[in-house]
Amino acid sequence: MNYRINPKNGDKLSALGFGCMRFSKDEKEVEKQIIFAIENGVNYFDTAYIYPKSEAILGRVLAKGYRDRVKIATKLPPYLVKKYEDLDKIFSAELERLQTDHIDYYFLHMLTDVTIWTRLVTIGILKWIEAKKQTGQIINIGFSYHGGRDEFKKLVDAYDWEFCMIQYNFLDENNQAGKEGLKYAAAKGLAVMIMEPLRGGKLVTNLPKEVYKIWDNAYVKRSPAEWAFRWIWNHLEVTVVLSGMNSQAMVEENIKVASQAEANAFTDADFELFNKVTQILSEKIKVPCTGCNYCMPCPMGVDIPTCFSCYNDREIEGKTAAIGKYIMQTSIKSQTSNASLCSKCGKCESHCPQNIKIRDELTNVTKNMEGLYYKPTRFLIKKFMKL
């Protein structure tokens, strides 16, 4: 395993971090994957208060003799903090779930601008952080970020953080904090953790044939996932890259790549491959949704990420296959979740890390996925499946 150093404190962190948002449903399998990762050098595990069962599962596994071998990163959801007492209420629950007496890397989860930080300061979070640091319950404090580049820089400068986390991949080089933000934070001495390196899998599965052809004809045989990870690890400013691993094969492949990939190792030929791939994908993807589910639940029952996923697949897989998938996944259940249920309330947009105009895009989904053949096709599928 390759390791990178947190410039703030000298921590030696595995280049690959285990993202715990998308655990498989089989806890025994999850335990196997976590232990395998630890035994093969992964020492950074990222979870959050709002990830269903994630903290508790991670806590149960680490309590079997592995806690002292890893750094735990978890997160405080600012939107659930209404008063000072809420800080301890949430934090205490996290310590209990994780079966630990301290958090190594504690995030303020999904800050989007300085306004949210200012509200927390008004509530008294500065005093709270200092108290937790003095008792050793919080070792490092940082923030995860979704938003524009300028606000990111303001947040970096707003407090003496030890680390931060941004979304970064070869399609988002100039989106959100982007490369400029990455370099800015690193120049300030912050460790920078990377989330969504594969855009929720969108940079690996169901890619256009032209993209697979580029990877297949490259000078060295690598999977799309390996290419995407290597692109990120090529950046010297990156400390840890998270991967939401939920299969043994995925864990093994990512560990192998993380043990080989180095910073500043790319050649001109490598960059040219990515220029070609990026151009193709940028033309295909309609909605830049990563499937993080922060927009959910929808008051009207719309499965927003699934609607967008099927809509994007329309451009990649073709109209017939995508609409069939859309109907199967949203429209033949006892409680339908298709895009036309949207009431335009806008609740989802206030939580979207990608700043997607969700209401407008759901209108586009309705127009393109629920047209003339939608109802008869839905009827035929339901009849075939005897629903």
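**Entry 1: Asp104**

I began with Asp104, which I found in strand β6, and I note here at the outset that the model I am reading is a predicted one. Is Asp104 buried or exposed? I looked up its relative accessible area, which is 6%, and because buried means under 20%, I entered Asp104 as buried.

Next I listed what surrounds this side chain. Leaving out residues up to four places away in sequence, I found that Asp104 touches Arg67, Val70, Lys71, Ile72, Ile139 and Asn140. I also noted a polar contact of 3.3 Å between the side chains of Asp104 and His102.

With which residue does Asp104 form a salt bridge? The partner is Arg67, and the closest N and O atoms of the two are 2.9 Å apart. I then checked where the two residues sit, and the pair turned out to link distant parts of the chain, since Asp104 belongs to strand β6 while Arg67 lies in the loop between α2 and β5, 37 residues apart. Arg67 has a relative accessibility of 12%, so I counted Arg67 as buried.

**Entry 2: the strands around β7**

From β6 I moved on to its neighbour. Strand β6 covers residues 103–111, and six bridges join it to β7, the two strands running parallel. One of the pairings I looked up is that of Ile103, whose bridge partner in β7 is Ile138.

How many residues of strand β7 are buried? The strand spans residues 138–145, and seven of its eight residues are buried, so I wrote it down as mostly covered.

Strand β7 also pairs with strand β8 (residues 163–167), again in the parallel sense, over four bridges. Here I picked out Gly142, which stands opposite Phe163 in β8. I followed the chain from β7 through helix α6 (residues 149–158) to β8, and this β-α-β crossover is right-handed.

As a reminder to myself, side chains in a regular strand alternate between the two faces of the sheet.

**Entry 3: other salt bridges**

I noted first that side chains of opposite charge can pair when their charged atoms come close. The count for this structure comes to 21 salt bridges, and I looked up some of them.

Glu31 forms one with Lys64, the closest N and O atoms being 2.9 Å apart. Glu31 lies in helix α1 (residues 27–39) and Lys64 in the loop between α2 (54–62) and β5 (71–76), so this pair ties together parts that are 33 residues apart in sequence. Glu31 is partly exposed, with a relative accessible area of 21%, whereas Lys64, at 52% relative accessibility, counts as exposed.

Another joins Asp172 to Arg199, and their closest N and O atoms are 2.7 Å apart. This pair links distant parts of the chain as well, with Asp172 in the loop between β8 and α7 (178–187) and Arg199 in the loop between β9 (191–195) and α8 (209–216), 27 residues apart. I found both Asp172 and Arg199 to be buried. Finally, Arg222, Glu226 and Arg230 are joined into one network by salt bridges that share partners.

**Entry 4: cysteines**

How many disulfides does the structure hold? I found zero. Cys20 is in no disulfide, and the nearest cysteine sulfur, that of Cys292, is 17 Å away. Cys20 is buried, with a relative accessible area of 1%. Cys348 is likewise in no disulfide, and I noted that the nearest cysteine sulfur, which belongs to Cys345, is 6.0 Å away. Because a disulfide needs the two sulfur atoms within 2.5 Å, I did not enter this pair as one. Cys348 counts as buried at 9% relative accessibility.

Methods. Residues are numbered from 1 along each chain as its sequence is written. This is a predicted model: local features need pLDDT of at least 70, side-chain atom pairs count only at pLDDT 80 or more; totals for chains, interfaces and linings use all residues. Side-chain values use heavy atoms; hydrogens and water are left out. Buried means under 20% relative accessible area, exposed over 50%, partly exposed in between (1.4 Å probe, protein chains only). Two strands pair if DSSP finds at least two bridges between them. A crossover is right-handed if, with the strands pointing away from the viewer, the path from the first strand over the helix to the second runs clockwise. A polar contact is a pair of N or O atoms within 3.5 Å; within protein, one must be able to donate a hydrogen and the other to accept it, and residues adjacent in sequence count only if both atoms are side-chain atoms. Contact means heavy atoms within 4.5 Å. A salt bridge is a side-chain nitrogen of Lys or Arg within 4 Å of a carboxyl oxygen of Asp or Glu.
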